[in-house]
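Reader: I'm new to this one and would like to be walked through it slowly. Could you put it up so that we can both look at it?

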Amino acid sequence: MMRPGARQYVVTRPLYSEDSFAEEHEKVYRQRKTMLDHLKLYFTFDVKRVKHAALSLLPVIGWLRIYRIKEWLLPDVVSGVSTGLVAVLQGMAYGLLASLPPWYGLFSAFFPVVIYFFMGTSRHISVGPFPVLCLMIGSVVTRLIPDEGPPVNITGLEGLSVDDQRVLVASSVTFLVGIMQLGMGLLQVGFVVMYLSDTLVSGFTTAAAIHILVSQLKFVLGLQVSGFSGPLSLIYTLEVIFNKITSTNVCDLVIALIIMAMVFIVKELNDKFKSKLPVPIPIEAIMTVIACGVSYGFDFENKFGIDVVGHIPQGYESPVAPNLQIFQETAMEAFPMAIVGFAVAFSVAKVYSVKHDYTIDGNQELIAFGVSNMFGATFKSFAASTALSRSAVQESTGGKTQVAGLISAIIVMIVTLAIGFLLAPLPKSVLGAVVIVNLKGMLMQFRDIPYLWRRDKPDCVVWLCTCTASILLGLDLGLAVGLGVELISVVLRVQFPRCSVLANIMGTDIYKDRKDYFSIFEPEGVKIFRIPSPIFFANIDFFKNKLVEALGFNPLQILKKRNKALRRIKKLLKNGDLQWTSMGFLNTTCGSIGDSEDQDNMEELDQPIDFKDLPAQIDWNRDLPANIFVPKVEVHSLILDFAAVSFLDISALKGLKTMLKELIRIDIEVYIVACDPYILEKLHDCCFFDEEVQPSMFFLTLHDAMLNILDKHSEQTEKNPDHGKIITTVTVHNSLKIREKDDPEPEHKF
């Protein structure tokens, strides 16, 4: 009921244990589907399911029906042309990253885009070459087809040139990546990307940026450097570059520095004045045209010996089948490529979907990228994902749908079929410079380190380990190391949670960590212990140790000492050395407990205390006869707060039951509160309860259990002057709505 004019509400209800609540409130019965039911549903076909499947596999049908031609077509065309110009240059530049002739990057900027137009769920990402993926493909290509020395013995490479061999390796790896992505999509395991945290991806892409930077130095400096793969390949590459640094082509270096300076400055201006510019200035395309013209006019290739793109074949090549032997050689490297390519694309797509208020489907994205890569690999393109800068251009220039992506693919196609020959005099140092400038965003992620260290040190360790391992061991092994460190950090956080002892905040039904507040009240003899994580085989012992630490004694040791003392008392009574009187035990001789006696029955000391054959029960908190000493236990009630416990495994069930029995056997009342209904159901299914551990110990809320304890121990609590500090009605300040004075008083029923 709301009190008039007051920012509070008062709730009066019965005190509930789980049993009493279940008796009073009938629960809705829900029949759970079995695995057979799910299989029947999965293989049931009707018109509605077929229609839904078609819309799921071809999302283009859904958004084309609502396409607003007058409002969206012009922005999509402008965006597509702008993105296409960037895609042409980036495609050629990233082709060098993959250790392939540059024009094969144009294939990767065309074929996957066309397939994604029909099958993708994101309307804003620009599909095509991604520098990290290109570098990973390049490491595989140089491992199988090295710059120096014979290639790996693979059937089907005989009689092919080095470039053709590398193209076959790259396309075969891409086809395998597509198979893996398609398989994961069909098996509905798109959630796997959730195991790659933002911190891990940030560290990984930063390391990849360093790899990319080093790989482009040979083009910027005009050096001939053999490709390396495997652990420490970055170190070996730097060693060769520094050994040949005196052979730097000054013309290449000057061209690259000018390109980098101009592109960097104009990109900064684009960012600063993006609200005023209708479209970003396509500085990369402009500088490429200028560089081509200057290189052709002054004959840089012959006069200064710079390396140029050279002849670009017009048109597309015939389809090629993947090489199965290459599948066997590259399977371990293809899987991280499939994961990384999808993870980056999905992360970018998710950002734009939230910004523009539409949904994306992770499993369908896997299928789309899988089919795109398989189709593209057939036409000799390499693995596609999305480049962050290219997607930003497509979105910032007003792109509304993947029509912009399709138009960008048309621009790439025009270059490939008609005007590609104009790029023949383009210096490769220009492509290297463009790649390096576009690394700015990834390299700036180093600024995350101080922030992570201040906010979350385990996340910072994941970032540093992933980045360091990826730099030194290579991107594939580095990703595996980073994922391992990330999972270990999660396990350690769950295995060693921050358990706490709670206390009542005076005048409320709220319980907080007693170390954090001043105005708290702890009823005498009551301990409230909070477990903030799931309990399973790895942390059950930690949980027990923390509980013992909170209680101040070990229940099992107390139980054993009491049983030993009981044996001694029974023996003294039997021998006549101890007698029972109305005043209690009368000591007729001096004796003490011998630790070495009854060694044959030491294992029985953890059994329930048996007062059989004794004239009366023993009060263990009083002095015992015959100099027998047993530690006194001041705690009479223990509340375990299970509000944050999401699951228990079998090992935890056994450990929990053993611990509860030890506590019950030394006369400590145990209450478990806020337990998840599914955990409680599991306890019943696993025959957790018996004569000692009973369902009556479970209560709905912590305050219900506390009021039950105070009522049960009313004689003790009434003597305590602080007894009134525990409220019996709930009063919580800051109601949801403030009523005006003249409003009638509403009645709220809970």
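Author: Before anything else, please keep in mind that this is a predicted model. Of the 750 residues in the protein, 48% are buried.

Reader: OK, and how many helices and strands are there in the protein?

Author: The protein has 29 helices and 13 strands.

Reader: What about its radius of gyration, next to that of a compact globule?

Author: The protein has a radius of gyration of 36 Å, whereas a compact globule of 750 residues would come out near 27 Å. Taken along the principal axes, the box that its C-alpha atoms fill is roughly 120 × 75 × 55 Å.

Reader: Let's turn to pockets. How much space lies in the largest pocket?

Author: The largest pocket holds about 1,600 Å³. It is lined by 50 residues, and those closest to its centre are Tyr-352, Leu-388, Ser-389, Ala-392 and Gly-441.

Reader: Which helix gives the most to that lining?

Author: That is helix 15, which contributes eight residues to the lining of the largest pocket. Sorted by class, this lining has 30 nonpolar, 12 polar and eight charged residues.

Reader: And the second largest pocket, what volume does it have?

Author: Its volume is about 900 Å³. Among the 27 residues that line the second largest pocket, His-52, Ala-53, Ser-56, Leu-57 and Gln-364 are the closest to its centre. Two or more lining residues come from each of helix 3 (47–57), helix 4 (60–64), helix 9 (162–186) and helix 16 (362–378), and helix 3 gives the most, with seven.

Reader: How does its lining split by class?

Author: The lining of the second largest pocket has 12 nonpolar, 11 polar and four charged residues.

Reader: New topic: helix 25. What should it span, and how far apart are its ends?

Author: Helix 25 covers residues 555–575, and because its 21 residues should span 30 Å at 1.5 Å a residue, the 30 Å between its end C-alpha atoms agrees with what is expected.

Reader: Which of its residues are buried?

Author: The buried residues of helix 25 include Ile-558, Leu-559, Arg-562, Ala-565, Leu-566, Ile-569 and Leu-572. An α-helix has 3.6 residues a turn, so residues three or four places apart point the same way.

Reader: And what lies at the start of helix 25, and what follows it?

Author: At its start, Asn-554 has a side-chain oxygen that reaches to within 3.0 Å of the backbone nitrogen of Leu-556. After helix 25 comes Gly-576, whose phi is positive, near 85 degrees.

Note on methods
Residues are numbered from 1 along each chain as its sequence is written. This is a predicted model: local features need pLDDT of at least 70, side-chain atom pairs count only at pLDDT 80 or more; totals for chains, interfaces and linings use all residues. Side-chain values use heavy atoms; hydrogens and water are left out. On a 1 Å grid over the protein atoms alone, a cavity is a set of points where a 1.4 Å probe fits but cannot get out, and a pocket is an open set with protein on both sides within 12 Å along at least five of seven lines; lining residues have an atom within 4 Å of a point. Grid points are joined across faces, edges and corners, and a volume is the space filled by probe spheres set on the points. Helices (H or I, at least four residues) and strands (E, at least two) are DSSP runs, numbered from the N terminus. Ala, Val, Leu, Ile, Met, Phe, Trp, Tyr, Cys and Pro count as nonpolar, Asp, Glu, Lys and Arg as charged, and the others, Gly among them, as polar. The expected span of a helix is 1.5 Å times one less than its number of residues. Buried means under 20% relative accessible area, exposed over 50%, partly exposed in between (1.4 Å probe, protein chains only). A polar contact is a pair of N or O atoms within 3.5 Å; within protein, one must be able to donate a hydrogen and the other to accept it, and residues adjacent in sequence count only if both atoms are side-chain atoms. The radius of gyration is taken over C-alpha atoms; the globule rule is 2.2 Å times the number of residues to the power 0.38.
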